[in-house]
Amino acid sequence: MGWPICGETLAFLKPHKSNSTGSFLQQRCSRYGKVFKSHLFCSPAIVSCDHELNMFILQNEEKYFQVSYPKPMHGILGKLSLLTVSGDLHKKLRNVAVNFIGASKSTPAFLHSFTINLMVKHLLSIEPEEPIAFKILEDFQTFMKGFVSLPVYIPGTHYANAVKARARLSRTVREIVRERQHENMRAGEGDFLDVILKKRSLSEEETVSIVLDIMLGGYETTATLLALIVYFLAHAPAVFQKLKEEHRAIRKSKQDEEPLNWEDYQQMEFTNNVILEAMRCGNVVKFVHREAIRDVKFKEYLIPSGWKVLPVFTAAHFDLNLHENPSEFNPSRWTDKASVISKRVMPFGGGPRLCPGAELAKVEISFFLHHLVLNYRWKTQADDYPIAYPYVEFRRGLLLEIERTNGFDDH
């Protein structure tokens with residue numbers, strides 16, 4: 001099953017259009033079916049492209065399966081990352097992340113910042129124009145390139161650079177934490193880091209780790225999804241127009257310049273459909289790492305204890321049995337189908353690791369789209385498209401030709 005030690009990992013990680021499953025999965029699913037054996041990330045593995053089995057895996061964490069990222073990836077993620085810890089520690093750190101989301105919802109200024117700017121300001125009170133903000137952004141971009149690369153430490157590789165970037169990010173946050181502790185807390189409510197420190201429920205290492213996790217979740221996945229939506233809308237004029245009409249209507253329903261609130265954005269049905277469809281077509285998260293902690297029988301499949309298990313979400317997103325014309329970007333496919341969404345896609349994961357920031361991300365993106373579609377139209381380069389490495393980047397960097405419109409009066 002592939003090369004010695006790394007097996008078929010290089011073929012599995014081979015770049016391909018993100019709005020497809022890629023040749024590796026296409027060939028093996030055609031030959032062996034939706035569930036097959038492989039050797040990935042230096043371990044024997046079961047690859048699941050079956051949506052029902054993927055749901056079963058995520059919903060039975062700590063009963064039949066456990067999180068199992070390759071040990072070298074801990075050098076990037078850290079040993080206390082939400083992605084790698086389990087049990088009571090995972091619940092403890094996840095609650096901190098959930099509290100951040102809850103606190104953010106009640107902050108009026110929250111909807112006026114985006115991605116990394118939003119994270120560093122509300123977590124650490126760092127303004128976007130400060131040099132340290134640019135430093136954090138640069139390190140996060142390096143971090144993501146190594147996050148899903150082949151985890152072999154060779155100087156100059158994406159993995160080695162990511163390990164160093166993670167260490168720099170940790171030092172930056174640790175210095176801020178120690179400075180705050182030395183100041184004996186700041187006056188007033190402060191930012192979310194002040195809240196964490198006042199509660200004194202986390203160690204310094206846990207505090208650094210959860211701050212980095214929140215920044216990662218709030219920056220990289222949201223920014224990538226925003227880029228994908230911009231790309232898909234540029235190629236779907238009818239969808240763009242329908243989206244614009246929804247935002248026009250809700251803008252006209254408000255008096256004068258009254259700002260839209262959290263609930264307004266949550267109620268934008270077609271906007272939410274656009275977000276869901278972009279996640280299905282663009283695939284920000286392609287797969288996750290799990291391991292069977294006992295022999296597991298599911299339907300006709302037997303998963304041996306100790307084997308790595310990789311639920312591949314992308315495969316279900318392009319399954320002809322689940323989606324009509326799956327390669328087409330069509331947000332209307334989700335109209336009046338909210339009750340069956342979980343049976344057809346898993347955009348925010350599932351089980352105890354369901355993304356705690358799912359609602360926050362949707363409101364952020366709705367806010368961005370509200371101002372974008374009412375004031376601008378744009379084109380992408382003809383030969384540009386999203387590529388899965390498996391993290392998502394654009395072939396030409398998503399360079400846009402942007403034109404300002406007349407807002408409500410534009411047709």
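Two strands count as paired if DSSP finds at least two bridges between them. Keep that rule in mind while looking at this predicted model. Strand E1 and strand E10, residues 386–388, are joined by two bridges. The two strands run antiparallel. Within this pairing, lysine 17 stands opposite isoleucine 387 in E10.

The pair belongs to an open sheet of three strands. Their order is E1-E10-E11, with antiparallel pairing. Strand E1, residues 16–17, is an edge strand, and so is strand E11, residues 392–394. Each of these two pairs on one side only.

Now turn to another antiparallel pair. Strand E2 covers residues 35–40, and strand E3 covers residues 43–48. Six bridges join E2 to E3. Valine 35 faces its partner across the pairing, serine 48 in E3. The two strands form a hairpin, with two residues between them. Phenylalanine 41 sits in the turn and has a positive phi of about 55°.

Next comes helix H3, residues 51–59. Aspartate 50 caps the N-terminal end of H3. One of its side-chain oxygens lies 3.1 Å from the backbone nitrogen of glutamate 52. The helix itself is mostly covered, with seven of its nine residues buried. Among them are His51, Leu53, Asn54 and Met55. Phe56, Ile57 and Leu58 are buried too.

Further along the chain, two helices meet. Packed helices in general are described by the angle between their axes and the distance between the axes. Here the helices are H11, residues 237–252, and H13, residues 269–282. Their axes come within 8 Å and cross at roughly 140°. Angles over 145 degrees would count as roughly antiparallel. H11 and H13 are therefore oblique to each other. The crossing of H11 past H13 is left-handed. On the H11 side, Val239, Lys242, Leu243, Glu246 and His247 take part in the meeting. From H13 come Glu269, Phe270, Thr271 and Val274.

The last stop is phenylalanine 329. Where is phenylalanine 329 found? It is in the loop between helix H14, residues 313–317, and helix H15, residues 358–375. Buried means under 20% relative accessible area. Phenylalanine 329 has 12% relative accessibility, so it counts as buried. Leaving aside residues up to four places away in sequence, phenylalanine 329 touches Phe232, Ala236, Val239, Val274, Glu277, Ala278 and Cys281. Val239 also appears in the meeting of H11 with H13, as does Val274. Phenylalanine 329 and phenylalanine 232 are 97 residues apart in sequence. In space, their C-alpha atoms are 7.1 Å apart.

How values were computed:
Residues are numbered from 1 along each chain as its sequence is written. This is a predicted model: local features need pLDDT of at least 70, side-chain atom pairs count only at pLDDT 80 or more; totals for chains, interfaces and linings use all residues. Side-chain values use heavy atoms; hydrogens and water are left out. Helices (H or I, at least four residues) and strands (E, at least two) are DSSP runs, numbered from the N terminus. Buried means under 20% relative accessible area, exposed over 50%, partly exposed in between (1.4 Å probe, protein chains only). A polar contact is a pair of N or O atoms within 3.5 Å; within protein, one must be able to donate a hydrogen and the other to accept it, and residues adjacent in sequence count only if both atoms are side-chain atoms. Contact means heavy atoms within 4.5 Å. Axes are lines fitted to C-alpha atoms, for helices over the stretch in contact, and angles run from 0 to 180 degrees between N-to-C directions. Angles under 35 degrees count as roughly parallel, over 145 as roughly antiparallel, 65 to 115 as roughly perpendicular and the rest as oblique. A crossing is left-handed if the near helix is turned anticlockwise from the far one by less than a right angle, and right-handed if clockwise.
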